[in-house]
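Student: I'm new to this one. Could you take me on a close look at the nonpolar core?

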Amino acid sequence: MSDKISVTLTVNGQPSTVRALPDTPLLWVLREELKLTGTRFGCGVGQCGACTVHIDGQPNHACLNAISSMQGRTVTTIEGLAPAGDHPLQRAWIAEQVPQCGYCQSGQIMRAAGLLNEKRRPSREEIVHYMQPNLCRCGTYARIVRAIERASKEG
Ligand code: FES
Ligand code: FES
C-alpha cells in the first residue's frame with residue numbers, strides 16, 4: 001500500500017514535482033529522486049550541518065524538513081548556488097584550499113552563503129558564531145573563516 005503524496009517545490013530555479021511518503025526528509029528527495037548528491041547526509045538529526053541547503057532563502061537542515069512541509073517552497077542546493085560553480089565563496093574556498101576530505105564542505109558553503117546574504121562584511125567573531133552549527137571532522141575551521149573573509153572582501 002502506498003501513502004505517497006505529490007509535492008511541487010522549486011529546486012535550483014526549476015519547478016519539481018516529486019512523489020514520496022510524507023515524512024521523507026527533503027535530504028533524501030534531493031539525493032535519491034532529484035540526484036542532487038552535493039547535499040550530504042551526516043547525522044540525520046540536525047546536529048552536524050552536512051545537509052545544509054537554503055529553504056526560502058535561509059540556511060536550513062534538509063534532514064529535518066519532511067517533504068510534506070515543502071509544498072510551494074523554494075530550495076537552493078550547492079548545485080544551484082552558482083550554476084558555473086563560481087560563486088565568490090566557491091572561488092574563495094579554492095583560493096584558501098579549504099577542504100580536506102570534503103564531506104562537510106557543501107553544507108559549510110551553503111551556511112556561509114546565508115551569512116553573506118544577511119551581512120556583506122561580517123566580522124571574524126560574527127563568522128565564527130554563525131558557522132557554529134556546521135561541524136567539520138577534519139578541522140578545517142580556520143580555513144573556512146579565512147575563505148569567508150576573502151569572499152566578503154572580493155565578492
Ligand atoms: S545530516 Fe542534517 S544536520 Fe546532520
Ligand atoms: S573536510 Fe572533512 S569533514 Fe570537513
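Tutor: Here is a walk through the core, with a short stop at the surface afterwards. This is a predicted model, where local features need pLDDT of at least 70, side-chain atom pairs count only at pLDDT 80 or more, and totals for chains, interfaces and linings use all residues. Residues are numbered from 1 along each chain as its sequence is written, and side-chain values use heavy atoms, with hydrogens and water left out.

A nonpolar core here is a set of buried Ala, Val, Leu, Ile, Met, Phe, Trp, Tyr and Cys residues joined through side-chain atoms within 4.5 Å; buried means under 20% relative accessible area, exposed over 50%, and partly exposed in between, with a 1.4 Å probe and protein chains only. The largest such core has 20 residues, and Leu 89, Trp 93, Met 131 and Ile 148 touch the most other members. At least two residues each come from helices H2 (78–81), H3 (88–95), H4 (105–118), H5 (124–130) and H6 (141–154); helices are DSSP runs of H or I, at least four residues, numbered from the N terminus. H4 gives the largest share, 6 residues.

Now zoom in on Leu 89: leaving out residues up to four places away in sequence, Leu 89 touches Ile 109, Ala 112, Ala 113, Leu 116, Ile 148 and Ala 151, where contact means heavy atoms within 4.5 Å. Apart from this core lies another, of 18 residues, including Leu 27, Cys 51, Val 53 and Ile 67.

And the surface stop? Phe 41 is partly exposed, at 35% relative accessible area.

Technical notes
Chains are lettered from A and ligands numbered from 1 in the order in which they are written.
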